[in-house]
Amino acid sequence: MADIAKLVEELSKLTVLEAAELAKALEEEWGVSAAAAVAVAGPAAGGGDGAAAAEEKDEFDVVLTGDGGKKIQVIKEVRAITGLGLTEAKALVEGAPKPLKEGVNKAEAEEIKGKIEAAGGTVELK
């Protein structure tokens, strides 16, 4: 178990871009997607009525779906929201659709969505 804790600690140090590259490498190596693993693990972790959980969703993933032709403004806003460096923020915007923030409350998700849309980008809440 100590090895798992150490691995989790190391993985938590990854940047968003590094984590995305890791996920892609694992998907290619094992032939599974991270989204599928989350979908399988999600209901098991909830342990209750799936319909009730869907209605009472209190955590959202904010996904950048496009820059709306205003890449520079959107990159600036992504940097402000995520704290990423210029290169990482640019890669995230150019690689859209990409998650900006995951597991945030509804108010924060709406705030982020408003900021990105004001900059000209498009966002989806999941």
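How many helices and strands are there in the protein chain? In this predicted model, the chain holds seven helices and three strands. Read from the N terminus, the elements follow the order α-α-α-α-β-α-α-β-α-β. The chain has 126 residues, and buried residues account for 17% of them. With that outline in place, the helix packing, the strands, the charged pairs and the nonpolar surface can be taken in turn.

Helix packing is a convenient place to start. Two packed helices are described by the angle between their axes and the distance between the axes. Helix 5 spans residues 71–82 and helix 7 spans residues 106–119. The axes of these two helices come within 8 Å and cross at roughly 155 degrees. Angles over 145 degrees count as roughly antiparallel, and helix 5 and helix 7 are therefore roughly antiparallel to each other. Their crossing is right-handed.

Helix 5 also packs with a second partner, helix 6, which covers residues 86–94. Here the axes come within 9 Å, and the crossing angle is roughly 120 degrees. That angle makes helix 5 oblique to helix 6. As for handedness, helix 5 passes helix 6 in a right-handed crossing. Helix 5 thus appears in both pairs, crossing helix 7 at roughly 155 degrees and helix 6 at roughly 120 degrees.

Two residues in the strands are worth a closer look. V62 is found in strand 1, which runs over residues 60–66. Is V62 buried or exposed? V62 counts as buried because its relative accessibility is 0%, and the cut-off for that class is under 20%. Along the chain, V62 and V104 are 42 residues apart, while their C-alpha atoms are separated by 8.0 Å.

Strand 3, made of residues 122–125, contains L125. L125 has a relative accessible area of 26% and so is partly exposed. The C-alpha atom of L125 is 8.3 Å from that of E110, a residue 15 positions away along the chain.

Attention can now move to the charged side chains. Side chains of opposite charge can pair when their charged atoms come close. How many salt bridges does the structure hold? The total is six. One of them joins K13 to E10, with 3.4 Å between the closest N and O atoms. K13 is exposed, its relative accessible area being 54%, whereas E10 is partly exposed at 43%.

Another salt bridge brings together the side chains of E108 and K101, at an N to O distance of 3.6 Å. E108 is partly exposed, with a relative accessible area of 29%. K101 is partly exposed as well, at 26% relative accessibility.

Helix 7 also contributes a pair of its own. K115 and E111 both belong to this helix and sit four residues apart, about one turn of the helix. They form a salt bridge in which the closest N and O atoms are 3.3 Å apart. K115 is partly exposed, with a relative accessible area of 36%, and E111 is partly exposed, with a relative accessible area of 46%.

Salt bridges can also be followed through a network in this model, where K71, K90 and E94 are linked. The residue ranges given for the packed helices help to place this network: helix 5 covers residues 71–82, and helix 6 covers residues 86–94.

The surface offers a final feature. Which residues make the nonpolar surface patch? L7, L11, L14, L22, L26 and W30 form this patch, which has an area of about 550 Å². The elements that give two or more residues to the patch are helix 1, residues 2–11, and helix 2, residues 16–30. The largest share, three residues, comes from helix 2. Among the patch residues, L11 lies in helix 1. L11 counts as partly exposed because its relative accessibility is 40%, and patch residues need over 30% relative accessible area.

Technical notes: Residues are numbered from 1 along each chain as its sequence is written. This is a predicted model: local features need pLDDT of at least 70, side-chain atom pairs count only at pLDDT 80 or more; totals for chains, interfaces and linings use all residues. Side-chain values use heavy atoms; hydrogens and water are left out. Patches are made of residues with over 30% relative accessible area and no salt bridge: like charges are joined within 9 Å, nonpolar side chains (Val, Leu, Ile, Met, Phe, Trp, Tyr) within 5 Å. Accessible areas come from the Shrake-Rupley method with a 1.4 Å probe; for residues, only the protein chains shown count as cover. A salt bridge is a side-chain nitrogen of Lys or Arg within 4 Å of a carboxyl oxygen of Asp or Glu. Buried means under 20% relative accessible area, exposed over 50%, partly exposed in between (1.4 Å probe, protein chains only). Axes are lines fitted to C-alpha atoms, for helices over the stretch in contact, and angles run from 0 to 180 degrees between N-to-C directions. Angles under 35 degrees count as roughly parallel, over 145 as roughly antiparallel, 65 to 115 as roughly perpendicular and the rest as oblique. A crossing is left-handed if the near helix is turned anticlockwise from the far one by less than a right angle, and right-handed if clockwise.
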